[in-house]
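Okay, thanks for coming, everyone. I'd like to walk you through a structure and talk about what sits next to what. Let me put it up on the screen.

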Amino acid sequence: MVSDTLSRPLRDLRISVTDRCNLRCTYCMPREVFGKDFVFLPRAELLNFEEIHRLAGLFVRLGVRKIRLSGGEPLLRHGIERLVEKLATLRINTGQTIEIAMTTNGLLLPKKAQALKDAGLSRLTVSLDGLSEATFQRMSDTQVSVATVLDGIAAAQAAGLTPLKINCVVKRGVNEDEILPLVRHFRHSGIILRFIEFMDVGSTNGWRMDDVVTAQEILATISSHFPINAVDSNYSGEVAKRWSYADGGGEIGVIASVSQAFCRDCSRVRLSTDGKLYTCLFATEGLDLRDPLRRNASDATLSGLIVDAWARRGDRYSELRQAATVQPLRRKIEMSYIGG
Ligand code: SAM
Ligand code: SF4
Ligand code: SF4
């Protein structure tokens, strides 16, 4: 067990398996920046599956119990189910209960859901910012129909990837009128809908505090139509605050990373597509693990690097932002590269 300067354990590893995506959500990879001239990482720069598996094994030995594959769009990574299968062997090799989760935009789920389930994926989250075609297409800057995502969700359910979660980022003036339609659609479905406050990740999405629809506003919108009750967290460090419909319609969550920062319990570490370790979503510098890995460093050396980085960690960016004491960062790392 390792802990950082604020006594927070290392529990949760997020891995960006690709910096590429088949959508261009305006709050994440705006097309003006991630257009046809944008240079994504060349293949040789990406950690390969063996490298990811080896590092993940070291993280598990240091206390990680949940591994989330993200990106970019993780289903674009060729053979991603083979990586899930490899990571699932960590459960057997270490005798630990390790959750292997993925966040995806869902477009490729009709092709991939069953293979992911068979490979041992424990949990799946699908991002969907609205049910109206116009809003969905505007927000993700795509011609793809919302029906494709709904087909992906259905495929995940049919494959038994349950309980499924849906992530919806809410941006003022863009999709707050999608809150109630989404609530109505997913109530009584067994699917857990979660609303996320728009965050100032990266340096390209033009974030302004005014664009944030706060958790309080989101909950007021929902509860004006559907009475809800607070539910206890599943575990310390859970990012979503949980609520349940009073009429038994199921559970919803709100991730209030801007208005109610939760750094105090943050046990998340991130591994970028090219093998850098980041101890905060808002970090500006990462620790390169790929270079020592490719120079045949021993497990002890690599673990030592991770332990040192975690022991030095004092990150609490969102708390400082909330207290308005944080200075604007020079250049933050993009979410697609660091893994959402
Ligand atoms: N492409 C996958 C997807 O969209 O689910 C995985 C990567 S994406 C970066 C992971 C999650 O981060 C998504 O649910 C997305 O909505 C969320 N996200 C991206 N940019 C965000 C922002 N600026 N504020 C809040 N959430 C954001
Ligand atoms: Fe792609 Fe996900 Fe970012 Fe949207 S949020 S651009 S789907 S990585
Ligand atoms: Fe964790 Fe950094 Fe987010 Fe705070 S701002 S919750 S430390 S990732």
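Let's begin at ligand 3. Which residues are around ligand 3? Going along the chain, we have Phe262, Cys263, Cys266, Arg268, Arg270, Cys280, Leu281, Phe282, Arg313, Asp315, Tyr317 and Ser318. Keep in mind that what you're looking at is a predicted model. Two elements give two or more residues to that shell, namely strand 10 (268-271) and helix 10 (317-322). As for the chemistry, the shell around ligand 3 splits into 7 nonpolar, 1 polar and 4 charged residues.

Now pick out two names from that shell, Arg313 and Asp315. The side chains of Arg313 and Asp315 form a salt bridge, with 3.8 Å from N to O. And they don't stand alone: through shared partners, salt bridges tie Asp4, Arg8, Arg313 and Asp315 into one network. Is Arg313 buried or exposed? Buried, because its relative accessibility is 3%. Asp315, on the other hand, is partly exposed, with a relative accessible area of 23%.

Let's follow that network over to Asp4. You'll find Asp4 in the segment before strand 1 (12-16). Asp4 counts as buried because its relative accessibility is 5%. Its side chain has a polar contact with the side chain of Arg8 at 2.7 Å, and another polar contact, at 2.8 Å, joins the side chains of Asp4 and Arg313. If we set aside the neighbours within four places in sequence, Asp4 is in contact with Trp310, Ala311 and Arg313. So for those of you looking at ligand 3, Asp4 is worth clicking on as well.

One more residue in this part of the talk is Lys276, which sits in strand 11 (residues 276-278). Not counting residues up to four places away, Lys276 touches Arg270, Leu271, Gly286, Leu287, Asp288 and Tyr337. You'll recognise Arg270 from the list around ligand 3. Is Lys276 buried or partly exposed? Partly exposed, because its relative accessible area is 25% and the buried class stops at under 20%. If you want a distance to check on your own screen, try Lys276 to Asp291: they're 15 residues apart in sequence, and C-alpha to C-alpha they're 9.3 Å apart in space.

Okay, over to ligand 1. How many residues surround ligand 1? There are 19, and the closest are Gly72, Ser127, Val169, Met199 and Met335. The shell around ligand 1 is made up of 7 nonpolar, 10 polar and 2 charged residues. Strand 3 (99-104), strand 5 (165-170) and strand 6 (192-197) each put in at least two residues.

Let's look at some of the backbone pairs there. A polar backbone atom of Gly72 is 3.0 Å from a nitrogen atom of ligand 1. With Met199, a polar backbone atom is 2.9 Å from a nitrogen of ligand 1. With Thr104, a backbone N or O atom is 3.2 Å from an oxygen atom of the ligand. And how much of ligand 1 does the protein cover? On its own, ligand 1 has 540 Å² of accessible area, and the protein covers 95% of that.

Just ahead of strand 3 there's Ile98, placed in the loop between helix 2 and strand 3. Ile98 counts as buried because its relative accessibility is 2%. Leaving out neighbours within four places in sequence, its contacts are Val60, Arg65, Ile67, Leu90, Arg91 and Ser122. Take Val60: Ile98 and Val60 are 38 residues apart in sequence, yet 8.2 Å apart in space, C-alpha to C-alpha.

Last topic, back to salt bridges. Across the whole structure, a search finds 20 of them. One of them pairs the side chains of Lys112 and Glu81, at 2.9 Å from N to O. That pair links distant parts of the chain, 31 residues apart, with Lys112 in helix 3 (residues 109-119) and Glu81 in helix 2 (residues 80-94). Lys112 counts as buried because its relative accessibility is 17%. Another salt bridge joins the side chains of Asp12 and Arg14, at 3.8 Å from N to O, and both of those residues are buried.

That's my tour, so let's open it up for discussion.

How values were computed: Residues are numbered from 1 along each chain as its sequence is written. Chains are lettered from A and ligands numbered from 1 in the order in which they are written. This is a predicted model: local features need pLDDT of at least 70, side-chain atom pairs count only at pLDDT 80 or more; totals for chains, interfaces and linings use all residues. Side-chain values use heavy atoms; hydrogens and water are left out. A salt bridge is a side-chain nitrogen of Lys or Arg within 4 Å of a carboxyl oxygen of Asp or Glu. Buried means under 20% relative accessible area, exposed over 50%, partly exposed in between (1.4 Å probe, protein chains only). Helices (H or I, at least four residues) and strands (E, at least two) are DSSP runs, numbered from the N terminus. A residue is near a molecule or strand if one of its heavy atoms lies within 4 Å of it. A polar contact is a pair of N or O atoms within 3.5 Å; within protein, one must be able to donate a hydrogen and the other to accept it, and residues adjacent in sequence count only if both atoms are side-chain atoms. Accessible areas come from the Shrake-Rupley method with a 1.4 Å probe; for residues, only the protein chains shown count as cover. Ala, Val, Leu, Ile, Met, Phe, Trp, Tyr, Cys and Pro count as nonpolar, Asp, Glu, Lys and Arg as charged, and the others, Gly among them, as polar. Contact means heavy atoms within 4.5 Å.
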